[in-house]
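Dear colleague,

I am handing over the structure below, together with some notes on what was found in it. Please read the notes with the coordinates open beside you.

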Amino acid sequence: LHHLLDVGHIAQSFIGPTAPPRFRKILADALGVDPNDIVNWLPLFIGLHDIGKLSPTFQALVDSERERLAARGFAFTPSDKLHHTLVGALFADKEWPTFDERAMPAFKRILRDVIAGHHGRFVGAAEFTEKHLMQAPVWQLLREQACRTLQPLLAPGMPESLPEPPNA
């Protein structure tokens, strides 16, 4: 959660009112939105790039963390082998309810694909099917709670809806 918040705050500084307007304009033009509005929601999307780290696969990478979570009742099963980029992309595609309500389908696909590919490996459509069902519900709830925690901090002025991006 702290990493997501840190990255979102860095994004706020790069595109906020005190930053040079050129970068904000380039991003806004690419997304087909008002350059003055992207600071109200884009830092959240950027911060969520690693939301998939709230998953058993990632949390089990460090033995002490796995033991700490197991002692608190978290289960780790052999099927928990999804890379955090895929888990994050699945979150954007299927789990994030606020995003479903506010964003156009094209923005949802953009966020999903950016999260899925932020380590240089893009995820095919076939990977978005049955693998989603392998995640224990508690991890989905943790991701949703993280998003609800981050949204007022990183997207305080998130609009009711986003326009359809150009060439969507």
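**The largest pocket**

In this predicted model, 13 residues line the largest pocket, and those that lie nearest its centre are Leu-42, Phe-45, Ile-46, Ile-110 and Val-114. Two or more residues of that lining come from each of the elements α2 (21-31), α3 (42-47) and α8 (105-117), and among the contributors α8 gives the most, with four residues. The space in the largest pocket amounts to about 240 Å³. As for the chemical class of its lining, eleven residues are nonpolar and two are polar, while no charged residues are found there.

**Salt bridges**

The count of salt bridges comes to four, and I describe some of them here in the order of the sequence.

In helix α2, which also gives residues to the lining of the largest pocket, the side chains of Lys-25 and Asp-29 meet in a salt bridge, with 2.8 Å from N to O. Because Asp-29 and Lys-25 are four residues apart in helix α2, about one helical turn separates them. Both partners have some access to the surroundings: Asp-29 is partly exposed, with a relative accessible area of 45%, and Lys-25 is likewise partly exposed, with a relative accessible area of 44%.

Asp-50 and Lys-53 form another salt bridge, in which the closest N and O atoms are 3.2 Å apart. Here the two partners fall on opposite sides of the cut-off for burial, which is set at under 20% relative accessible area: Asp-50, at 5% relative accessibility, counts as buried, whereas Lys-53 is partly exposed, with a relative accessible area of 23%.

A further salt bridge joins Glu-65 to Arg-68, and its closest N and O atoms are 2.5 Å apart. Both residues belong to helix α5 (residues 63-71), where they are three residues apart, about one turn of the helix. At 22% relative accessibility Glu-65 counts as partly exposed, and the class of Arg-68 is also partly exposed, at 37% relative accessibility.

**Where to look**

If you would like a starting point for your own inspection, the pocket residues nearest the centre, including Phe-45 and Ile-110, could be displayed together with helix α8, which gives four residues to the lining. The pair of Asp-50 and Lys-53 could then be viewed separately, with the buried Asp-50 and the partly exposed Lys-53 shown side by side.

With kind regards

Technical notes: Residues numbered from 1 in each chain as written. Predicted model: local features only at pLDDT ≥ 70, side-chain atom pairs only at ≥ 80, totals over all residues. Heavy atoms only, no water. 1 Å grid on protein atoms, 1.4 Å probe; cavity = no way out; pocket = protein on both sides within 12 Å on 5 of 7 lines; lining within 4 Å. Points joined across faces, edges and corners; volume = space filled by probe spheres on them. Nonpolar A, V, L, I, M, F, W, Y, C, P; charged D, E, K, R; others polar. Buried < 20%, exposed > 50% of the residue type's maximum accessible area, 1.4 Å probe, protein only.
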